[in-house]
Number of protein chains: 2
Amino acid sequence: MNDSTSTHETAGREDSPALSASAFLRDFHHTSRFGATSGGGIDRQAGTPEHGAVRDWFEERAQELGFTVAGDGIGTLFARREWIPGAPFVLVGSHLDSQPLGGRFDGTYGVVAALHAAAAVDADVAAGTLSPRHNVAVVDWFNEEGSRFAPSIMGSSVHAGLLDLDTALRTRDPDGTTVAEALEATGRRGGTPGPTAAAYAEIHIEQGRRLERSGIPVGVVDRSWHTQKLLVSVVGEQSHTGATLMADRRDALTAAAQVVLAVESVVESFPPESIVTSVGQLDVEPNSPIVVPRQVDLVVDLRADRAEDVDRARRLLLDRFREVAADRGVEVRSEDFDVRPVQRFPAAGVDLAEKAARDDGLESAVLATLAGHDAVAMNRVAPSVMLFVPSTDGVSHCEREYTSDADMVSGLSVLTGVLRRLVAGDLDDVAPGGSATA
Amino acid sequence: MNDSTSTHETAGREDSPALSASAFLRDFHHTSRFGATSGGGIDRQAGTPEHGAVRDWFEERAQELGFTVAGDGIGTLFARREWIPGAPFVLVGSHLDSQPLGGRFDGTYGVVAALHAAAAVDADVAAGTLSPRHNVAVVDWFNEEGSRFAPSIMGSSVHAGLLDLDTALRTRDPDGTTVAEALEATGRRGGTPGPTAAAYAEIHIEQGRRLERSGIPVGVVDRSWHTQKLLVSVVGEQSHTGATLMADRRDALTAAAQVVLAVESVVESFPPESIVTSVGQLDVEPNSPIVVPRQVDLVVDLRADRAEDVDRARRLLLDRFREVAADRGVEVRSEDFDVRPVQRFPAAGVDLAEKAARDDGLESAVLATLAGHDAVAMNRVAPSVMLFVPSTDGVSHCEREYTSDADMVSGLSVLTGVLRRLVAGDLDDVAPGGSATA
């Protein structure tokens, strides 16, 4: 058998630069230049020039592949391919913004894979091997990370009606710049509402090590963990590091150090790997080398598969905070915020994704996502499918975040299979997912 | 006995607005308006508009009292009264800058008391009851606090030749403003070199509670504590607070919390009140609520009466830092800086101050200063006398810092007695103080 006798469909996909694994890898690795850091990561916080530059590249590349690109009011980009005028769209995508000194894969992999999956489906439609019931749009959601502008998952939350557009546009970064100003500065304050979603698909790096440990190349997400944050303020009294005797101090920072360690050790009251807790942000006032700190504000992040575990951890911590306050004569205030109950993805979507993996000869595992994703927001308004690929050493939000080319290509193949089925209408009768506790 | 038959000297001092206790208290309490905070303190960091405003007031008030005011290149103000043209000057003063949300007494008390003590001595000279061998200059040293521009004790260190003027002028605050720019903005970039000091005197609040506990109104400082700082960097790895399992993290902040608590508990290896240790400044990178911290930089402040105690505390801490690093798979780097050996004030100056207190019928106690002061720098180049008045509850660098009017007036009286003796040349044959370990 020579090239001319292979099936048309396979040969066509492999020969087209849009549709080959090597074209995908070339595009993906090209994106790492935008906001590249010396440590091999990227720094592309939402609305920065580096973020603007990679989005310019995305727009140009999508246009080359035959898509029409327009941004909505919160700066999310939609690259549309409209085969059936007026029909709803299947959305597929992720985000091109990153954490400060973040990794090359988080979000970006999902956008570039979505573009290539949609281009492959477009080729199928053009070849007559797929009859679409919906159009397709590749999405680059604005500000998934939330490191510069809180809250995270901003673009998809606005699209899903979970966050008010005007509130989001008025959000300020630590320097006082608003989202609206950052979008103007990068030319991404759009005016074209995004299309209504018939369904949504997203592929992302796992950011944990469950797939790596089990040697399984593809994860299918059936639920998100229950998460919540606590804003903790430790209020002591400012005094002089030189002259004030130890017994006369009410040091907010030593008390806050006990809070940080309590947050870490509370996991010992739970089965291994059933809960994660962190303090990522901590600010000292007045933060002078020769002043005993007056106040420390910190953010506690609690995440567990079961809501009751988060609730119990929270109660244990509040008890511990009261002990620290009493021991040290300081005040420890705690305020709940950003509570996100467990969300379930539709079972039919999980089945569909497992079938797509099997068709590619790939083993898949069903698992929960510990992190928030745009798919969790979109799943509230459209039946959504979320896929994972392995993360080496389970690390993410750092420069050494890594996923192999082979794993990325396997994921792209399964995402393409999922997208074909969604475009064909396979989830048309399925309701969106929702809160397990609702 | 009625007013007209009291001695001329006493009656003259009490009737002149410059020389009465009430005039001093009126001036002192007036200064609390500049940079007043809602909590009863002041916020007048060096080179800010609030600092500029209180210095404008000082210049005007000194001129009213017959002094000639000029600033030097680092923005220290000298208010001169030159009885003997060309003779050296006795300097007396402190500083008008404050910590952020600092107290009304720290530094400011010493400047206003110096102005009134010098005015009283001037009245003595005018009345012919004192024959001066030196002139007098009241000093407001620039940037004693160092909270905005490090290092602290800047103006007096430049005057004493311990710090290079150009280096000091190029120092930047956290917003990037230089000392030179801040001085220009407040009109205090002067060009008149300060006078050479024949001797120096300073009165300051104790900032501890030794005088209060013993019920003694005046302290005479015979030495400064040995102090040093450590710049500690804890380097872990950035990861995702949601997705990264606890076992896969190398969290810089939980390790830094152990460092903070180790710094506090190291004092338990020493006799009570023989050492103080603190962490006043701590910065988290990247300081995002959903990122496990990559790096924490913090400043450790160690102070003890004996250099060997500081050295032993430092060794114990470095051992503990190594344990934390090994336990957690992070790096803990530590760098020594700002090492200030014990400095002794001349014994003749201590005797002179005790005599001045006895002449006022006041008990005095000899003690060490745990904090740094302009007098510690000046003592390197001129025989110096440093006095303390009690601090209620021993607290300082905070809004509730407090010293009673009665204690301030007692201190002013002793300072005036000290200044009379210095102007009369009582320390002329005494060498400057110096390092105990030199």
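Modeller: Before we start, contact here means heavy atoms within 4.5 Å, and please keep in mind that this is a predicted model.

Biologist: Fine, so which residues of α2(B) meet α4(B)?

Modeller: On the α2(B) side they are Ala23(B), Phe24(B), Asp27(B), Phe28(B) and Thr31(B), and in α4(B) they meet Thr108(B), Tyr109(B), Val112(B), Ala113(B) and His116(B). By class, that contact has six nonpolar, three polar and one charged residues.

Biologist: And at what angle do those two helices pack?

Modeller: Helix α2 of chain B, residues 21-31, packs against helix α4 of chain B, residues 108-127, at an angle of about 145 degrees, and their axes are 10 Å apart.

Biologist: Is that crossing left-handed or right-handed?

Modeller: The crossing of α2(B) and α4(B) is right-handed.

Biologist: What about α2(A) and α4(A)?

Modeller: In chain A, α2 and α4 pack at an angle of about 145 degrees with their axes 10 Å apart, and the crossing of α2(A) and α4(A) is right-handed.

Biologist: Changing topic, how is chain B laid on chain A?

Modeller: A turn of 180 degrees, with a shift of 0.0 Å along the axis, lays chain B on chain A with an RMSD of 0.1 Å. The two copies are thus related as by a two-fold rotation axis.

Biologist: Which residue of chain B comes closest to that rotation axis?

Modeller: That is Ala257(B), whose C-alpha lies 2.2 Å from the axis.

Biologist: How many residues does each chain bring to the contact between them?

Modeller: Chain B gives 65 residues and chain A gives 65 residues. Of the interface residues of chain B, 100% are also interface residues in chain A, so the copies meet through the same surface.

Biologist: How much area is buried between chain B and chain A?

Modeller: It comes to about 5400 Å², and carbon and sulfur atoms give 58% of that.

Biologist: What about charges, how many salt bridges are there across the interface?

Modeller: The rule finds six salt bridges across the interface of chain B and chain A, while a search of the whole structure finds 58 over all chains.

Biologist: Which residue forms a salt bridge with Arg400(A)?

Modeller: The side chain of Glu237(B) meets that of Arg400(A) in a salt bridge, at 2.2 Å from N to O. This pair crosses between chains, with Arg400(A) in the loop between β15 and α13 of chain A and Glu237(B) in the loop between β7 and β8 of chain B.

Biologist: Why can such side chains pair at all?

Modeller: In general, side chains of opposite charge can pair when their charged atoms come close.

Note on methods
Residues numbered from 1 in each chain as written. Chains lettered and ligands numbered in written order. Predicted model: local features only at pLDDT ≥ 70, side-chain atom pairs only at ≥ 80, totals over all residues. Heavy atoms only, no water. Least-squares fit on C-alpha atoms with pLDDT ≥ 70 in both. Axes fitted to C-alpha atoms, helices over the stretch in contact; angles between N-to-C directions. Helix = DSSP H or I, 4+ residues; strand = E, 2+ residues; numbered from the N terminus. Left-handed = near helix turned anticlockwise from the far one by under 90°. Buried area = accessible area lost by both parts, 1.4 Å probe. Salt bridge = Lys/Arg side-chain N within 4 Å of Asp/Glu carboxyl O. Nonpolar A, V, L, I, M, F, W, Y, C, P; charged D, E, K, R; others polar.
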